[in-house]
Amino acid sequence: MASDLMSDEDESKGGMWALEQKIDQPMDEEAGRLKHMYREKKFSAMLLLRFAFQSLGVVYGDLGTSPLYVFNNTFPNGIEHTEDIIGALSLIIYSLTLVPLIKYVFIVCRANDNGQGGTFALYSLLCRHAKVNTIPNQHKTDEELTTYSRSTIHEKSFAAKTKRWLEGPLYKKNVLLLLVLIGACMAVGDGVLTPAISVLSASGGIKIDHPGMSNDIVILVAVVILLGLFSLQHYGVDKVGWLFAPVVLLWFLFIGGIGIFNIWKHDVGVLRAFSPFYIFRYFKRRGKDGWTSLGGIMLSITGTEALFADLAHFPVSAIQLAFTVVVFPCLLLAYSGQAAYLIKNKDHVSDAFYRSIPDGVYWPMFVIATLAAIVASQATISATFSIIKQANALGCFPRIKVIHTSSEFLGQIYIPDVNWIIMVLCIIVTAGFKKQNQIGNAYGTAVVIVMLVTTFLMILIMLLVWRCHWLLVFIFAALSLVVECTYFSAVLFKVDQGGWVPLVIAAVFLFIMYIWHYGTVKRYEFEMYSKISMAWILGLGPSLGLVRVPGIGLVYTELASGVPHIFSHFITNLPAIHSVVVFVCVKYLPVYTVPEDERFLVKRIGPKNFHMFRCVARYGYKDLHKKDDEFEKKLFENLFMFVRLESMMEGGSDSDEYSLYGQQTTRSRDFLLPENANNNTNTFSSVVDLTISSCDSIVPVKSPVMSSGHVSSHTEVDEMEFLTSCRDAGVVHIMGNTVVRARRDSAFYKKISIDYVYAFLRKICRENSVIFNIPHESLLNVGQVFYV
């Protein structure tokens, strides 16, 4: 819709629009640069084993603790027939084989974004291969990043047809975004339910040794553990992370060893469950009850999404090795051992895990189970923080405080507000339901919906990115959807038995995310269409019709090209403007990271005597955005280097327009001059965590030597001295304090969304000045109202 309106507007502006585009062109880089495509590095055998060992603690904690509660949730009303146990075990075996092993470990893990996994990584891949981003804030320059890694699509291929279909009406882009947000919100629900069911199930072992103990005591113990778990989040995972892998490895070895013991002691014949024939007999005998029991069977594959979401921490080969050598066989042995025990002790199904533990290792196993439950909970809590941060980068969540708990591991973050919200919800779920069965029903609903979302996104990835033959895509989609839709139909029967919990949690987060994104898009569109004509700016002359006072004004804008409306609002209400004006644009791109030497783009706006510049700072969704005290310093480094390189190019070429890229100096970045480019106008609306503060003045080199050995011109030295003196005179941060309101003739739902919900979210979210850490004495807010 935005692009259509832009094209109509272009036609109506005629020659003036063409003149403006010549004056203020989008910043383009030289095409044909060598891109850095992510490839799995070759590791030595010892290093690969080390990575595989470490992945156990981060990736497989949630999946590994499922034996605590699967059989209990599969047979909540007890076991009627011995063969039901064999049928349930057969379902567990083939569920583990089809979903975690085949689908995720060997297929989905390959769909990574330069090593990054998760729902947002898949979405970023799609945004790069098709124009499906609802906020078209990209320039051609952005596509030339070394981390962009997009390949061309053949015009007549099936992928090209799919791309054109996906880029059609706006509603298709909104549906895709909604699908991604649903998956993200369900993952947040998973972050609430995993600690509840894992810790409660582990704490339930106390009652085995003390049968007379009240269930309220077990709940109290679980709540205390949860309080401790969430209270320690601000310390970060790296403080205790070294314990995770040994604990989970011990857990897998224990449950695998106990499984072998139970199979040998109780019934070796349980291994006949490897025949899928018993699945058919199971459904034939149990009918509808067998179908609804799939909600419990499905808990055996919970935590599978973490396998893909935590991909960034380890190589794919290490995750595959850990799963196939340790996780998969130990889980099969654990479930087979429990089934063998239940064949002889059908009445113990409600406590199958702890009842099947030999007396000699009961208490050590209880301690390890509790620690493993904490590790599993930690993994999903950390994943929730990451999801919220990525949603913020996508412009789908209000600005909140993000604390980076580790300087070594960039992905380890802590979000205080989200942490306490999840803690409260988790305790409410634990104390409110009191039983594992109801929490298990809710848990299964959240997990199966996330898996369905991943399947739909994978279909598009296979078509647009991998260029798979449509027959292979059909086979993958058919097998995945048959399994997952079967489980989904089963959990629907249990919506009234606890399955509604993740739906409510996800609905609340989805409402917040979509309303925030809706308001962000509307604000973006308004700024786009109300931006100021460069011809009008030039008509004011070098003084801009005002008194130019010493100093540098940093005007923060969401526009990556053009002059924002807020600037005209500023100069029409104040009698003076700074000697140097820099329009600063910070935006996120659908890439996992932007290298430091490609982060800043600088260009000049208008003639030199106007002293107006534009600086675009680009970030990926995984980039570190803690308070950056050097942001302002880096900005001025780029500005000074731009002036110097501009002067060099003027002395070495007879062209009026240049493109500079890759100049290697001690403090170099990328600097671009205006170059002939497509007449596109692009903007951005994402806000990121940055700190902008005062720092030491940069003393420019007054006689830099060019590559040819000649000394730069006196003009360059004069301008650099002028910029230095202006910076020493003071830097003022000019920020827009805009209020978005719905027009009087707007629909009722739009008034509610913008005037109440979005306004409330803007009121409680962090101010830009706080995020950028701008001192009050250097801050100037320019307020105005936008009607959308």
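The exercises below work through a predicted model of one protein chain.

**Exercise 1. Which parts of the chain should not be read in detail?**

Step 1. The mean pLDDT of the protein chain is 77, and 79% of its residues reach 70 or more.

Step 2. Two stretches have pLDDT that stays under 50: residues 26-40 and residues 652-714.

Step 3. The model still has contacts beyond four places in sequence for these stretches: 56 for residues 26-40 and 195 for residues 652-714.

Step 4. Where pLDDT is low, predicted coordinates should not be read in detail. The contact counts of residues 26-40 and of residues 652-714 fall under this caution.

**Exercise 2. Describe the protein chain as a whole: how many helices and strands are there, and what share of the residues count as buried?**

Step 1. The protein chain holds 28 helices and eight strands.

Step 2. It has 788 residues, of which 59% count as buried.

Step 3. About 31600 Å² is exposed, with carbon and sulfur atoms supplying 61% of that area.

Step 4. Take the contacts between residues at least 6 apart in sequence: 84% of them join residues at least 24 apart.

**Exercise 3. Find which helix gives the most to the nonpolar patch, and classify Ile 475.**

Step 1. The patch covers about 770 Å² and is made by Phe 158, Trp 470, Leu 471, Leu 472, Phe 474, Ile 475 and Leu 479.

Step 2. Helix H21, residues 470-492, gives the most, with six residues.

Step 3. Ile 475 lies in helix H21. Its relative accessibility is 41%, so Ile 475 counts as partly exposed.

**Exercise 4. Where do the buried residues of helix H7 lie around its axis?**

Step 1. Helix H7 spans residues 158-166, and its buried residues are Ala 159, Ala 160, Thr 162 and Leu 166.

Step 2. Viewed down the axis of H7, these buried residues fall within an arc of 160 degrees, and therefore they line one face of the helix.

Step 3. Phe 158, at which the range of H7 begins, is one of the residues of the nonpolar surface patch.

**Exercise 5. Place Thr 370 and Gly 541 in the fold, and state whether each is buried or exposed.**

Step 1. Thr 370 belongs to helix H18, residues 362-393. With 15% relative accessibility, under the 20% cut-off, Thr 370 counts as buried.

Step 2. Leaving out residues up to four places away in sequence, Thr 370 touches Ala 202 and Ile 225.

Step 3. Gly 541 sits in the loop between helix H23 (534-539) and strand S3 (547-556). Its relative accessible area is 15%, so Gly 541 is buried.

Step 4. Asn 609 is 68 residues from Gly 541 in sequence, and the C-alpha to C-alpha distance is 9.3 Å.

Definitions and conventions: Residues numbered from 1 in each chain as written. Predicted model: local features only at pLDDT ≥ 70, side-chain atom pairs only at ≥ 80, totals over all residues. Heavy atoms only, no water. Patch = residues over 30% accessible without salt bridge, like charges linked within 9 Å, V, L, I, M, F, W, Y side chains within 5 Å. Areas by Shrake-Rupley, 256 points an atom, 1.4 Å probe, with all protein chains shown as cover. Salt bridge = Lys/Arg side-chain N within 4 Å of Asp/Glu carboxyl O. Helix = DSSP H or I, 4+ residues; strand = E, 2+ residues; numbered from the N terminus. Buried < 20%, exposed > 50% of the residue type's maximum accessible area, 1.4 Å probe, protein only. Arc of directions from axis to C-beta. pLDDT = per-residue confidence, 0-100. Contact = heavy atoms within 4.5 Å.
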